[in-house]
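Hi,

Here is the structure I said I would pass on. Have a look at it first, and my notes on what turned up are underneath.

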Amino acid sequence: MTTPSIYRDLLLEHARHPKNSGRLESPDLRASAFNPLCGDELELTLTVSEGTIQDCKAQVRGCSICQASASMMSELILTKTLQEAANISQVFTESLQKDTEEIAESLDSLRPLIVLKKHRSRIKCMKLAWDALEECARQNQT
Amino acid sequence: MQISPLTAKVRDDFPILKRKINGHPLAYLDNAATTQKPNCVIDAQVRFYENHNSNVSRGVYTLAEEATDIYEEGREIIAKFIGAADSGKIIFSSGTTESINLVASAWAQPKLKTGERIMVTEMEHHSNLVPWQLVAQNCGAELVYWPLNPESGNSSDGRLDLQKLDELLAESVKLKRKIRLLTVTAVSNVLGTVNPIAEIVKIAHAHGVPVLVDAAQAVARMSIDVSAWDCDFLAFSGHKIYGPTGIGVLYAKHERLEEMHPFQGGGGMIRQVGRQTSTWADAPQKFEAGTPPVAEVSGLAAAVGYLADVGLPEIQQHELELTTHALKRFAEFKDLELYGPPETIDRSGVLSFNLQNVHPHDVAQVLDESGIAVRAGHHCTQVLHKRLGIAASVRMSFGLYNEISEIDRIFSALDQARNIFLA
């Protein structure tokens with residue numbers, strides 16, 4: 001049998017062996033996100049020094065897409081400033097909303113996720129980690 | 001494909017079943033969410049718009065009288081379908097959700113006092129839970145649960161214990177905490193459990209507690225007789241019995257209708273309108289403000305006629321065969337956890353399960369790649385899922401057009417899910 005197109009190798013690798021999985025013991029920022037459609041939840045914990053993300057872990061109770069997205073995000077935002085991370089999140093969200101296949105260069109590592117946007121019902125799964133990231137960025141501003 | 005006598009007869013009536021999804025014939029197994037529509041239902045609505053469209057009970061011209069006749073005949077058909085003594089007890093709504101909200105707002109809210117209770121079960125759909133939370137919060141009342149069997153732990157056979165109900169109701173009387181209403185589903189949209197409604201009503205009435213029955217899942221799966229059940233209220237949706245979306249039904253006993261305040265204000269529900277106050281039309285019009293869904297009622301009437309033509313006993317027998325086969329297949333796999341009654345006793349063709357270590361979303365996605373439509377998630381029953389110790393599940397639910405071979409396709413596709421996620 002063939003592997004369904006949605007589950008590419010890289011995505012499955014992230015889902016099976018997620019990077020930065022779990023909870024930080026003494027995080028500076030912490031945010032949870034929920035998917036009301038399926039009851040999935042995710043907790044993101046960050047340590048931040050002088051605005052830069054030093055460490056990041058995501059505790060995920062969700063599907064493979066949700067898990068892979070959190071894993072890919074964690075790799076991308078480590079050592080970035082919170083502002084840079086929030087900007088990436090915004091570009092990621094915009095690219096999910098656009099009809100075109102074009103993907104910004106800064107998001108190249110997220111390509112396996114973004115190509116799944118035609119499965120509209122899975123966008124919330126992809127977004128869960130990023131919603132938590134944006135909430136962390138908001139907390140940091142206030 | 002292995003074709004049963006019933007499906008050989010009905011499959012051609014449903015145009016959507018000719019569709020291919022991802023290169024495979026559509027296997028539609030999400031009938032607990034909504035059912036597909038036969039040609040006669042689609043045609044009835046088209047016929048209404050092409051020939052009779054006008055507003056009801058408002059004009060003296062021919063079209064208006066025809067539309068009014070179609071609408072009121074629909075009420076008669078529904079009354080007969082559920083065993084109501086007369087059509088005056090049938091209120092049309094937009095669906096089960098609105099029907100239940102109507103009872104919560106128009107009947108429960110004016111009655112409920114601080115400290116009083118509403119009893120729900122742990123298996124209720126959010127539509128038969130959240131309206132009661134809202135009304136309880138508004139009135140300082142309390143929501144109490146009739147738990148699944150057994151009372152503690154995660155595992156359950158998906159059944160409700162009648163003796164427990166009797167005890168809980170007696171306990172409330174002793175505590176002087178009046179229970180205003182017991183609200184219970186006739187068939188669980190997750191567990192597939194068929195609840196013994198007549199017995200439940202008998203016990204509740206013995207304690208002076210009225211009963212609302214959520215018949216959303218039951219109505220396409222079994223004969224309903226509100227007179228024999230003796231329930232005070234019963235709610236269901238048209239779209240789950242092969243009828244249109246946007247139409248639902250609330251049945252209420254005469255004495256309950258008398259107790260009900262208006263729900264929404266507007267045209268059609270009044271007798272006289274003054275500058276400051278108004279008086280109300282009699283039931284059921286009192287609860288049907290605004291232009292009603294006439295085309296949808298004509299579609300719903302056609303759906304009820306279709307079910308009668310095919311035969312509810314035949315549909316029930318067919319569902320039993322599908323369920324028996326599915327349960328047999330489930331027993332073959334140790335990594336599949338099935339929820340609800342493990343045998344066909346007290347169970348209908350709604351089967352929720354999990355494949356160990358694979359998220360329901362991922363299972364459903366793999367099934368979709370094979371043209372199989374099932375539901376994944378909490379199915380609007382977060383309280384129940386929490387009770388079962390899970391966040392989500394995969395659900396297959398049968399309709400009268402489903403085939404045993406379609407169930408087998410699920411089990412083949414599950415193998416594919418194992419290969420992808422567990423290899």
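**Chain A: helices on a sheet**

Helix α2 (residues 64–77) of chain A lies across β2 and β3 of chain A, running at about 175° to β3(A). Before going further: this is a predicted model, where local features need pLDDT of at least 70, side-chain atom pairs count only at pLDDT 80 or more, and totals for chains, interfaces and linings use all residues. Residues are numbered from 1 along each chain as its sequence is written, while chains are lettered from A and ligands numbered from 1 in the order in which they are written.

A few terms, so you can follow the numbers. Helices (H or I, at least four residues) and strands (E, at least two) are DSSP runs, numbered from the N terminus. "Across" rests on contacts, meaning C-beta atoms, placed from the backbone, that lie within 7 Å. Axes are lines fitted to C-alpha atoms, for helices over the stretch in contact, and angles run from 0 to 180 degrees between N-to-C directions.

The sheet under α2(A) is open, with 3 strands in the order β1-β2-β3 and antiparallel pairing (strands pair if DSSP finds at least two bridges between them). β1 (29–35) and β3 (52–61) of chain A are the edge strands, each with a single partner, so one side of each has no neighbour in the sheet. On average, neighbouring strands are turned by 15° against each other, direction ignored. β2 (residues 40–49) of chain A pairs with β3(A) over 9 bridges, in the antiparallel sense, and Thr47(A) has Asp55(A) in β3(A) as its bridge partner.

A further helix, α5 (residues 123–141) of chain A, lies across β1, β2 and β3 of chain A, at about 145° to β1(A).

Then there is α1 (residues 9–16) of chain A: its axis comes within 8 Å of that of α2(A), and the two cross at roughly 85°. That makes α1(A) roughly perpendicular to α2(A) (the word covers 65 to 115 degrees). From α1(A), the contact uses Leu11(A), Leu12(A), His14(A) and Ala15(A); from α2(A), Ser64(A), Gln67(A), Ala68(A), Ser71(A) and Met72(A). By class, this contact has 5 nonpolar, 4 polar and no charged residues (nonpolar is Ala, Val, Leu, Ile, Met, Phe, Trp, Tyr, Cys and Pro; charged is Asp, Glu, Lys and Arg; the others, Gly among them, are polar).

**Chain B: sheet and domains**

Chain B has an open sheet of 7 strands, ordered β4-β10-β9-β8-β7-β5-β6, with mixed pairing. Its edge strands are β4 (90–93) and β6 (142–146) of chain B, and the twist averages 20° from one strand to the next. β5 (residues 117–121) of chain B pairs with β6(B) in the parallel sense over 5 bridges, with Val120(B) opposite Tyr145(B).

The domain assignment, which is automatic or from a database, gives chain B domain 1 (5–30 + 311–422) and domain 2 (46–308). Their C-alpha centres lie 28 Å apart. Domain 1 puts 24 residues into the contact and domain 2 puts in 25.

**Where the chains meet**

Chain B brings 17 residues to the contact and chain A brings 14. On the chain B side, α12(B) gives the most, with 5 residues. That side divides into 6 nonpolar, 9 polar and 2 charged residues.

Cheers

Note on methods. Contact = placed C-beta atoms within 7 Å. Parallel < 35°, antiparallel > 145°, perpendicular 65-115°, else oblique.
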